[in-house]
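Visitor: I'd like a close look at just one part of this protein. Could you walk me through it once the picture is up?

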Amino acid sequence: MMMTRKTTSLVAAVLLAALSLSACGDKDDKAAGTSADPKASSANTSKDLTQASFMSVVTAAQSKARTSHVSMDVGFGGQSIKAEGDVEIGASAADTAMSMTMDMGSAVGNMELRLVDQVFYLNFGPMTQNKFAKIDLTDDSNAAGQQYGQLLDQMDPSKQLEAFNEAMTSFEKKGSPKKIDGVDAQPYELVLDTAKIASVAELPGGAADSMPKTLTYTMFLGPDNLPRRMSTEVSGSAITVDYSKWGETVEIKAPSAAEISDQDLGKLMSGELAG
């Protein structure tokens with residue numbers, strides 16, 4: 001069984017959504033004019049945020065919290081992908097970690113993804129012998145490394161913060177607060193120019209070809225400036241990401257040697273190149 005273009009594109013899209021905010025650590029906060037000090041985020045309450053301050057303030061709040069539970073729902077063509085897991089926000093790509101399970105529907109089934117020490121582990125069920133295929137995201141000598149290696153940019157806090165600031169074309173406080181995760185979360189509407197987001201152009205599986213010129217995000221922030229929900233629509237796919245359990249202890253580990261397949265994921269993906 002080969003992985004299809006749709007499968008790899010959807011995996012990439014889900015990862016991009018999961019990492020789109022949670023990757024903002026504290027590495028470049030000072031360069032952005034703020035710090036990871038809790039006072040930096042509390043100095044600006046949600047009602048005071050502006051387009052200029054939004055990303056740096058949210059970055060500082062997440063840097064303080066460090067961890068989050070993420071629940072995702074991606075709807076497309078009458079189908080739904082659901083994903084759930086934990087993210088540990090590092091100061092760089094090297095110490096950012098993620099563990100997530102995905103229900104890809106009856107056609108593909110369940111998948112499990114882990115990111116530890118810049119190594120990506122994917123369990124595609126029968127396609128990977130019910131074990132984890134291992135991908136070193138820093139190794140561009142194989143198809144799998146090339147396919148997903150660009151996602152490292154999404155985990156580099158300085159690049160992430162810079163990308164959002166450069167790509168944001170409009171920012172608006174939108175509507176009344178909504179109770180999410182037990183707090184009153186204020187919605188904001190952000191419009192991003194996709195041509196100014198390098199990671200979009202580098203999406204694997206031809207996903208970039210179907211991206212619109214702009215992406216509109218609705219972001220719900222709690223009084224602590226932490227995201228509680230993000231929603232957007234991309235090429236007919238509705239994506240909702242809920243964030244909860246900020247700051248709680250998480251344990252994200254690489255699979256054991258017995259759980260890792262010796263299968264070459266690059267060969268498994270070779271059929272995707274043909275369409």
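Visitor: In which sense do β3 and strand β4 pair, and over how many bridges?

Guide: Keep in mind that this is a predicted model. Strand β4, residues 110-116, pairs with β3 in the antiparallel sense, and 6 bridges link the two. If you want one pair to click on, try Met-98, whose bridge partner in β4 is Leu-115.

Now look at the other partner of β3. Strand β3 covers residues 97-103, and 7 bridges join it to strand β2, residues 79-88. Those two strands run antiparallel as well. A handy pair here is Lys-82 with its bridge partner in β3, Asp-103. As for side chains, in a regular strand they alternate between the two faces of the sheet.

From the strands, move on to the nonpolar residues. The largest nonpolar core has 48 residues, and Phe-54, Met-72, Met-102 and Leu-190 are the ones that touch the most other members. Met-102 falls within the 97-103 stretch of β3, so to speak your link from the strands to this core. Helix α3, residues 54-65, gives the core its largest share, 6 residues. Another core of 6 residues lies apart from that one, and its members include Val-119, Tyr-121, Phe-132 and Ile-252.

One last stop, away from the cores: Thr-194 sits in the loop between β9 (183-193) and α6 (198-201). Thr-194 is buried, because its relative accessible area is 9%, under the 20% cut-off. A polar atom of the Thr-194 side chain lies 2.9 Å from the backbone oxygen of Lys-213.

Conventions:
Residues are numbered from 1 along each chain as its sequence is written. This is a predicted model: local features need pLDDT of at least 70, side-chain atom pairs count only at pLDDT 80 or more; totals for chains, interfaces and linings use all residues. Side-chain values use heavy atoms; hydrogens and water are left out. A nonpolar core is a set of buried Ala, Val, Leu, Ile, Met, Phe, Trp, Tyr and Cys residues joined through side-chain atoms within 4.5 Å. Buried means under 20% relative accessible area, exposed over 50%, partly exposed in between (1.4 Å probe, protein chains only). Helices (H or I, at least four residues) and strands (E, at least two) are DSSP runs, numbered from the N terminus. Two strands pair if DSSP finds at least two bridges between them. A polar contact is a pair of N or O atoms within 3.5 Å; within protein, one must be able to donate a hydrogen and the other to accept it, and residues adjacent in sequence count only if both atoms are side-chain atoms.
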